Amino acid sequence: MYNRPLSPHITIYAVQISSLASIWHRVSGILLTSFAVFCGIYIQLITYSTYNKYLFNFNLLNIFWFFFYEILVIIFLFGLFYHAFNGLKQIVWDLGIFLNQKFLSVFFLIISFVICGIILLLIF
């Protein structure tokens, strides 16, 4: 028949910074929520278990997560600060301030540099 794509709307439009920021805002929110849920589950496991089991779990996790701990902290901090600053941007947009395309590009770069600076300060 015809050699046309099934969904041409995907190939026509270029990627926009605002759509990427929205997607990453949702991803960071999901990661932060899952982190809070798993921390709550872990705290309840500690609360309802005996002390010896807790020490065993703690030693096991320390051995397993030792190499990935710094990477997980960096990912968590990046997600936390990105979610906070992007949420602040959404509040500013809801107030009707800075709704032009030039501000979006500059603000995206500013957010990226500020987040990297804060994370570097917190790590070192």
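**Entry 1: the surface patch**

I take a patch to be made of residues with over 30% relative accessible area and no salt bridge, nonpolar side chains being joined within 5 Å. In this predicted model, I looked for such a patch and found a nonpolar one of about 470 Å², made by Leu20, Ile23, Trp24, Val27 and Leu31. I then asked myself why Leu20 can belong to a patch; Leu20 has 35% relative accessibility and counts as partly exposed, and because the cut-off for a patch residue is over 30%, the value for Leu20 passes it. Leu20 itself sits in helix H2, which covers residues 17-47. As a note to myself on the spacing, residues three or four places apart in an α-helix point the same way, because there are 3.6 residues a turn.

**Entry 2: the overall fold**

I went through the secondary structure next and counted five helices and zero strands, so that my shorthand for the protein, read along the sequence, is α-α-α-α-α. Of its 124 residues, 14% count as buried, and the protein exposes about 10400 Å², of which carbon and sulfur atoms supply 75%. I also looked up how far along the chain the contacts reach: taking those between residues at least 6 apart in sequence, 78% join residues at least 24 apart.

**Entry 3: helices H2 and H5**

For H2, I compared the end-to-end distance with the expected one, and its 31 residues reach 44 Å from first C-alpha to last, close to the 45 Å expected at 1.5 Å a residue. The buried residues of this helix are Ala21, Ser28, Gly29 and Leu32, and what covers them includes helix H4 (69-94) and helix H5 (101-123).

I made the same kind of check on H5, where the 23 residues should span 33 Å at 1.5 Å a residue, and the end C-alpha atoms are indeed 33 Å apart, in agreement. Here I listed Phe103, Leu104, Phe107, Ile111, Ile115 and Ile119 as buried, and I noted that the buried residues of H5 pack against H2 and H4.

**Entry 4: Ala21 and Asn86**

Which residues does Ala21 touch, not counting those up to four places away in sequence? I found Tyr82, Asn86, Lys89 and Phe108. Ala21 lies in helix H2, and because buried means under 20% relative accessible area, its 1% relative accessibility makes it buried. I also took the C-alpha to C-alpha distance from Ala21 to Leu104, which is 9.9 Å in space for two residues 83 apart in sequence.

I then turned to Asn86, which is found in helix H4 and which, at 1% relative accessibility, also counts as buried. Leaving aside neighbours within four places in sequence, Asn86 is in contact with Ala21, His25 and Ile111, and of these I had already listed Ala21 as a buried residue of H2 and Ile111 as a buried residue of H5.

**Entry 5: the cysteines**

How many disulfides are there? With the rule that a pair of cysteine sulfur atoms must lie within 2.5 Å, I count zero. I looked up two cysteines for their exposure, and Cys39 is partly exposed with a relative accessible area of 31%, while Cys116, at 40% relative accessibility, counts as partly exposed too.

Definitions and conventions: Residues are numbered from 1 along each chain as its sequence is written. This is a predicted model: local features need pLDDT of at least 70, side-chain atom pairs count only at pLDDT 80 or more; totals for chains, interfaces and linings use all residues. Side-chain values use heavy atoms; hydrogens and water are left out. Patches are made of residues with over 30% relative accessible area and no salt bridge: like charges are joined within 9 Å, nonpolar side chains (Val, Leu, Ile, Met, Phe, Trp, Tyr) within 5 Å. Accessible areas come from the Shrake-Rupley method with a 1.4 Å probe; for residues, only the protein chains shown count as cover. A salt bridge is a side-chain nitrogen of Lys or Arg within 4 Å of a carboxyl oxygen of Asp or Glu. Helices (H or I, at least four residues) and strands (E, at least two) are DSSP runs, numbered from the N terminus. Buried means under 20% relative accessible area, exposed over 50%, partly exposed in between (1.4 Å probe, protein chains only). The expected span of a helix is 1.5 Å times one less than its number of residues. Contact means heavy atoms within 4.5 Å.
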